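Work through the exercises below with the model open beside you. Try each task before you read its solution.

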Amino acid sequence: MFPLACALAVALVLPSCSSDTSEKAAGLEPCVEDTAGFQWEVDRFEDIRILRYRIPCWNRLTVRQKELVYYLTQAGLAGRDIVWDQNYEHNLAIRNVLEKIYTSYTGDKKAEGWGHFETYVKQVWMSNGIHHHYSNLKHQPRFDRAYFAALLSATGTACAPELVEVIFDPAVDARKVEKDASRGLVENSAVNFYGEGVSTAEAQAFYEKMNQPGDRAPLSYGLNSRLVKENGTLKEEVYKIGGLYSAALEQVVMWLEKAEKVAENDKQAVALRKLAEYYKTGDLRTWDDFNIAWVRATEGDIDFIHGFVEVYNDPLGLRGSYESIVEINDFEASDRMKVMMENAQWFEDNSPIMDQHKKKEVKGITYKVVSVAGEAGDASPATPVGVNLPNAQWIRAMHGSKSVSLGNIEDAYSRAAGSGLLDEFCHDQEEIDRAKKHGDMAGKLHTAMHEVIGHASGQLEENVQASSLSLKEYHSTIEEGRADLVALYYVMDQKLVDMGLMPDLEVGKAEYDAYLRNGLLVQLRRLKVGEDIEEAHMRNRAWVSNWVVEKGSADGVVVKVVRDGKTYYDVRDYAKLRGLFGELLKEVQRITSQGDYEAARALADGYGKKVVPAVHAEVLERSARLNIPPYAGFLNPVLEPVTDASGNITDVKVSYMESFPEQMLYYSDKYGFLSR
Ligand code: ZN
């Protein structure tokens, strides 16, 4: 609901756990990691690729912590079937049919029809149902009814005629979530949040009555139930033990109660207890209590997201989809943040901004990078890369929130991308080599500085409003650009080498290459023909890049090269480029500190909005040839407890499955609490 504004924008947040200096400084065990030969991408079909992520530094956890992670991941998976049923009422029945065929068919698997069938099954697994996870449109099988009938009969599988219609008739339940009110939000959505005959107007009226004007701590009405009509009266079927989804929630609670016994501290135990209580009672007050307890539990290395959380699958934005994410602190990133926090004042004092715009006492911003240990429900196989919760505004305002970036997911994305984009868009071999050697670290440092010292830096002049008010629609892009510029200015500073954060300035050079390559070329592949750059981060990367290229053109700081009809940018003077970043930072801080709306507009629109159509077309054409599917799903690692003679857990082993169907079938078999 509240996307992580900054972390999402940066392509590289890579835990590598290889820096000796920071580990010794923090007194931690070194990570035992061998990623050589690890296969990041394991499957591809239609517009999807299936990737794997790793859990770094698993060996740094105590046995008790590993046990906790194990229970939490089991609690997550135990509710897997819930999201299938939430997404569409026939999803579980269809999955049963498809999986029975998939596992028992012994006919010709070289036949074209079988290939299409297999693709369809994978699409359904990927989206926890028959509708695309992103577009919400129903998957259209490429095999026909006759072939399907043959598969049913060859495997002795029963399938209700109604399900066959659902699979093959494009007009039946075509869209999971309808966003066009004129077509009927509830009426035209296939999602299973509203029962037969419930209209949009009725549902809206039902909840309007609950909201008390002036309630400063409103419950999340409708979050954990299905709204149905019974004898003409609306009523909620609440997700709870003894209510809807009871069989799955009983299992969820059993694992949560085990987790509570090995919690890292009391606050975490309180949160887990509240969550279990919520699943037992379905009481939304307890859900709020849980969220408050969860926000307070900040001290452990392990954290989790669990519940009916995000509401974007409900056309009315009320009901939460079941999801679970289990998180482990990214120790290396935390060390890095700590060093930056400790030096925040040094960065502020040495910044190129005007003295009157510097904070006398600056405090770094706490920002967390975590590693995912397991995901389930709506967060799997497709996953977010950053999460900011809870969603209740009043809890955020009164008790705070947690914002995390999922580091090992980002890592998997970037490693799976391979070197295709580098080979295509780098100006020369030196740039490619530097990117391969230092790109990961450069990206991580940039993100950390952007978040920890970038957003924290600078102060307003007296009687100037917050920049969200003074700079209005340009506030976001100016603020993100300002934070980027702090990071860019310092990533070429010897101070980072002296602090042990990077080996030498080559890391800074890699970041300069990458930033301009992305801002001027690579990011354009995300725009369709004819579109302007609108998204705040994309726009800020464009105006920062275009500005320094223009200002440095007389001195040949960055040179545009066209070779064989392809455009490249070559940085010729890194020190001067750093000077330009510093100059722009000073100006952008002035714009912010003085609330200079006109200057913000001139910069953001003049340098960041328009794309040169010929260059855009060229970038689209060059990236299309690289053929990288736009969406990714992820396999989860497998956690396996090792027990002693009396059944106590003495260790938990991590392994990685090789195949997408293998994992999906294993889950349906082991956690199919609503489907059998
Ligand atoms: Zn930011």
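**Exercise 1. The start of a helix**

Which backbone nitrogen does a side-chain oxygen of Ser659 reach at the start of helix 26?

Solution. The model is a predicted one. Go to the start of helix 26 and find Ser659. A side-chain oxygen of Ser659 comes to within 3.0 Å of the backbone nitrogen of Glu662.

**Exercise 2. Check the length of helix 26**

Compare the expected span of helix 26 with the distance between its end C-alpha atoms.

Solution. Step one: helix 26 has twelve residues, 660–671. Step two: take 1.5 Å a residue, with one less than the number of residues as the multiplier. The expected span is 16 Å. Step three: the end C-alpha atoms lie 16 Å apart, so the two values agree.

**Exercise 3. One side of helix 26**

Find the buried residues of helix 26 and say how they are arranged around the axis.

Solution. Step one: list them. Phe660, Pro661, Gln663, Met664, Tyr667, Ser668 and Tyr671 are buried. Step two: look along the axis. These residues cover an arc of only 165°, so they lie on the same side of helix 26. Step three: recall the general rule. An α-helix has 3.6 residues a turn, so residues three or four places apart point the same way.

**Exercise 4. Lys358 in its loop**

Is Lys358 buried or exposed, and what does its side chain reach?

Solution. Step one: locate Lys358 in the loop between helix 13 (344–349) and strand 7 (368–377). Step two: apply the cut-off. Buried means under 20% relative accessible area. Lys358 has 10% relative accessibility, so Lys358 counts as buried. Step three: follow the side chain. A polar atom of the Lys358 side chain lies 2.9 Å from the backbone oxygen of Asp349. The side chain of Lys358 also reaches the backbone oxygen of Ser351, at 3.1 Å. Step four: look further along the chain. Beyond neighbours within four places in sequence, the contacts of Lys358 include Gln459.

**Exercise 5. Asp605 and its partners**

Which residues does Asp605 touch, not counting residues up to four places away in sequence?

Solution. Step one: find Asp605 in helix 24 (residues 597–608). At 23% relative accessibility, Asp605 counts as partly exposed. Step two: name the partners. They are Tyr474 and Arg539. Step three: check the side chains. Asp605 and Tyr474 are joined by a polar contact of 2.7 Å between their side chains. The side chains of Asp605 and Arg539 make a polar contact too, at 2.9 Å.

How values were computed. Residues are numbered from 1 along each chain as its sequence is written. This is a predicted model: local features need pLDDT of at least 70, side-chain atom pairs count only at pLDDT 80 or more; totals for chains, interfaces and linings use all residues. Side-chain values use heavy atoms; hydrogens and water are left out. Helices (H or I, at least four residues) and strands (E, at least two) are DSSP runs, numbered from the N terminus. Buried means under 20% relative accessible area, exposed over 50%, partly exposed in between (1.4 Å probe, protein chains only). A polar contact is a pair of N or O atoms within 3.5 Å; within protein, one must be able to donate a hydrogen and the other to accept it, and residues adjacent in sequence count only if both atoms are side-chain atoms. Contact means heavy atoms within 4.5 Å. The arc is that of the directions from the helix axis to the C-beta atoms.
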